Amino acid sequence: MTNKEAIANLKYLRIFDDDCDEDCEALKMAVEALEKQIPKKVKQTFKNDYDLVYCPRCGVRFIQYGKPFCGECGQALDWSERNG
């Protein structure tokens with residue numbers, strides 16, 4: 001089972017309803033952790049001839065290019081379409 005399939009199965013259990021107990025909260029945390037493992041493309045902007053790159057999840061700015069994970073939130077990063 002892939003992370004995406006696991007997320008879909010957990011969400012199908014209606015864990016995002018307003019009425020939620022501790023078990024439901026634990027499942028929400030599991031979904032969030034699984035979602036962070038799926039690489040997301042970094043956000044890139046150019047300002048005054050500078051290449052600025054940000055985490056797609058929390059928005060932290062990267063100084064070191066090519067890091068596999070955000071040091072702030074743990075999101076897996078996809079650098080495949082970065083220009084330059």
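Is Q75 buried or exposed? In this predicted model, Q75 is buried, with a relative accessible area of 0%. The tour below begins with the protein as a whole and returns to Q75 later.

**Step 1. The whole chain**

Display the protein as a cartoon and colour it by secondary structure. Two helices and four strands should appear. Followed along the sequence, these elements are arranged in the pattern α-α-β-β-β-β. The protein has 84 residues, of which 24% count as buried. Of the contacts between residues at least 6 apart in sequence, 37% join residues at least 24 apart.

**Step 2. The helix pair**

Select residues 3–12, which form helix α1, together with residues 22–37, which form helix α2. The two helices pack at an angle of about 155°, and their axes are 9 Å apart. Because the angle is over 145 degrees, α1 is roughly antiparallel to α2. The crossing of α1 and α2 is left-handed.

Now show the side chains where these helices meet. On α1, select N3, A6, I7, L10 and K11. On α2, the residues that make the contact are L27, A30, V31, L34, E35 and Q37. Sorted by class, the contact of α1 with α2 comprises seven nonpolar, two polar and two charged residues.

**Step 3. L27**

Keep the helix pair on screen and centre the view on L27, in helix α2. L27 has a relative accessible area of 28%, so this residue is classed as partly exposed. Draw a distance from the C-alpha atom of L27 to that of I7: the separation is 9.7 Å, for two residues 20 apart in sequence.

**Step 4. I38**

Move next to I38, in the loop between α2 and β1, the strand of residues 40–41. The C-alpha atom of I38 lies 7.3 Å from that of N3, although 35 residues separate the two along the chain. Which residues does I38 contact, leaving aside its neighbours within four places in sequence? They are N3, K4, I7, Q75 and A76. Two of the names in this list, N3 and I7, also belong to the α1 side of the helix contact, and Q75 is the next stop.

**Step 5. Q75**

Select Q75, which sits in the loop between β3 (50–54) and β4 (77–78). Since its relative accessible area is 0%, Q75 is buried. Where does its side chain reach? It approaches the backbone oxygen of K36, at 3.4 Å. To see the surroundings of Q75, add the residues in contact with it, neighbours within four places in sequence left aside: E35, K36, I38, P39, K40, C55, P56, R57, P68, F69 and C70.

**Step 6. G66**

Remain in the loop between β3 and β4 and select G66. Its relative accessibility is 48%, so G66 counts as partly exposed. From G66 to D78, the C-alpha distance is 8.5 Å, and the two residues are 12 apart in sequence.

**Step 7. Q44**

Finish with Q44, in strand β2, which covers residues 43–47. With 23% relative accessibility, Q44 is partly exposed. Select C55 as well: Q44 and C55 are 11 residues apart in sequence, and their C-alpha atoms are 9.0 Å apart in space. C55 is also one of the residues in contact with Q75.

Methods. Residues are numbered from 1 along each chain as its sequence is written. This is a predicted model: local features need pLDDT of at least 70, side-chain atom pairs count only at pLDDT 80 or more; totals for chains, interfaces and linings use all residues. Side-chain values use heavy atoms; hydrogens and water are left out. Axes are lines fitted to C-alpha atoms, for helices over the stretch in contact, and angles run from 0 to 180 degrees between N-to-C directions. Angles under 35 degrees count as roughly parallel, over 145 as roughly antiparallel, 65 to 115 as roughly perpendicular and the rest as oblique. A crossing is left-handed if the near helix is turned anticlockwise from the far one by less than a right angle, and right-handed if clockwise. Contact means heavy atoms within 4.5 Å. Ala, Val, Leu, Ile, Met, Phe, Trp, Tyr, Cys and Pro count as nonpolar, Asp, Glu, Lys and Arg as charged, and the others, Gly among them, as polar. Buried means under 20% relative accessible area, exposed over 50%, partly exposed in between (1.4 Å probe, protein chains only). A polar contact is a pair of N or O atoms within 3.5 Å; within protein, one must be able to donate a hydrogen and the other to accept it, and residues adjacent in sequence count only if both atoms are side-chain atoms.
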